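Student: I have a structure in front of me and would like to learn how to read it. Could you walk me through it, one feature at a time?

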Amino acid sequence: MSEKLSINLELIPGFRKFPLKIEAEEEPVVREIAEKLRQKFVQYKQKFIDVSDLEIMAMVALDMVRTARKNDAQSVLETVSRMSEQLKSYLKQQP
């Protein structure tokens with residue numbers, strides 16, 4: 001079983017840090033996601049000046065989920081395409 005790690009992440013720039021317990025091997029990925037979240041937050045905050053931080057965070061969350069799903073779909077399409085090419089190649093070699 002892997003080691004649990006307690007970390008604190010600042011998700012909203014200049015706001016409090018959020019405590020989180022994660023698997024030690026997940027730390028780099030979690031920190032990378034948190035950094036992307038902070039960057040998106042700043043982008044949205046600059047664009048929507050009069051919108052609350054909570055609403056900005058909701059927009060960021062929706063954007064990140066949409067992006068993740070799009071990337072997942074793209075990954076599946078690439079895998080299917082690669083497998084299709086491999087199958088075509090195999091079938092060409094058959095007598």
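Student: Let me start with burial: what percentage of the 95 residues in the protein chain do buried residues make up?

Tutor: Keep in mind that this is a predicted model. Burial is read from relative accessible area, and a residue counts as buried when that value is under 20%. In this protein chain, buried residues make up 16% of the 95 residues.

Student: What pattern does the protein chain follow along the sequence?

Tutor: Go from the N terminus and note each helix or strand in turn. Here the order is β-β-α-α, given by 2 strands and 2 helices. The radius of gyration tells you how spread out that chain is: at 20 Å it is well over the 12 Å that the globule rule gives for 95 residues, so the chain is more spread out than a compact globule. The C-alpha trace agrees with a look along the principal axes, where it spans about 65 × 40 × 15 Å.

Student: And how much of the contacts with a separation of 6 or more comes from residues 24 or more positions apart?

Tutor: Such residues account for 21% of those contacts in the protein chain.

Student: Let's turn to charged pairs. How many salt bridges does the count come to?

Tutor: For a salt bridge, look for a side-chain nitrogen of Lys or Arg within 4 Å of a carboxyl oxygen of Asp or Glu. With that rule, the count is 7. One of them joins Glu 23 to Lys 4, with the closest N and O atoms 3.1 Å apart. This pair links distant parts of the chain: Lys 4 is in strand E1 (residues 4–9) and Glu 23 in strand E2 (residues 18–23), 19 residues apart.

Student: Is Glu 23 buried or exposed?

Tutor: Compare its value with the cut-off for burial. Glu 23 counts as buried because its relative accessibility is 18%, while its partner Lys 4, at 51%, counts as exposed. Leaving out residues up to four places away in sequence, Glu 23 touches Ser 2, Glu 3 and Lys 4.

Student: Which residue forms a salt bridge with Arg 31?

Tutor: The partner is Glu 27, and the closest N and O atoms of the two are 2.8 Å apart. For a pair inside a helix, check the spacing along the sequence. Both residues lie in helix H1 (residues 27–47), 4 residues apart, about one turn of the helix. Arg 31 is partly exposed at 36% relative accessible area, and Glu 27 is partly exposed at 24%.

Student: What about Arg 38 and Glu 35: how far apart are the closest N and O atoms of that salt bridge?

Tutor: They are 2.6 Å apart. Arg 38 and Glu 35 are 3 residues apart in helix H1, so about one helical turn separates them. Arg 38 is buried, with a relative accessible area of 19%, whereas Glu 35 is partly exposed at 34%. Elsewhere, salt bridges that share partners join Lys 40, Asp 63 and Arg 66 into one network.

Student: Now a nonpolar side chain. Where is the place of Leu 37, and what does Leu 37 touch?

Tutor: Find the element, then the accessibility, then the neighbours. Leu 37 is in helix H1 and is buried, with a relative accessible area of 14%. Not counting residues up to four places away in sequence, Leu 37 touches Leu 11, Met 57, Val 60 and Met 64. You can also use C-alpha distances: Leu 37 and Pro 13 are 24 residues apart in sequence and 10.0 Å apart in space.

Student: Can we do the same with a loop residue? Where is Glu 26 found?

Tutor: Glu 26 sits in the loop between E2 and H1. At 36% relative accessibility, Glu 26 counts as partly exposed. Its C-alpha atom is separated by 9.2 Å from that of Leu 5, 21 residues apart along the chain.

Student: Last topic: which residues line the largest pocket?

Tutor: Read a pocket by its volume, its lining and the elements that supply that lining. The largest pocket holds about 160 Å³ of space. Its lining consists of Glu 32, Ile 33, Lys 36, Lys 40, Met 64, Thr 67, Ala 68 and Asn 71. By type, these lining residues divide into 3 nonpolar, 2 polar and 3 charged. Helices H1 and H2 (53–93) each supply at least two residues of the lining.

Notes. Residues numbered from 1 in each chain as written. Predicted model: local features only at pLDDT ≥ 70, side-chain atom pairs only at ≥ 80, totals over all residues. Heavy atoms only, no water. Buried < 20%, exposed > 50% of the residue type's maximum accessible area, 1.4 Å probe, protein only. Contact = heavy atoms within 4.5 Å. 1 Å grid on protein atoms, 1.4 Å probe; cavity = no way out; pocket = protein on both sides within 12 Å on 5 of 7 lines; lining within 4 Å. Points joined across faces, edges and corners; volume = space filled by probe spheres on them. Nonpolar A, V, L, I, M, F, W, Y, C, P; charged D, E, K, R; others polar. Rg over C-alpha atoms; globule rule 2.2 N^0.38 Å.
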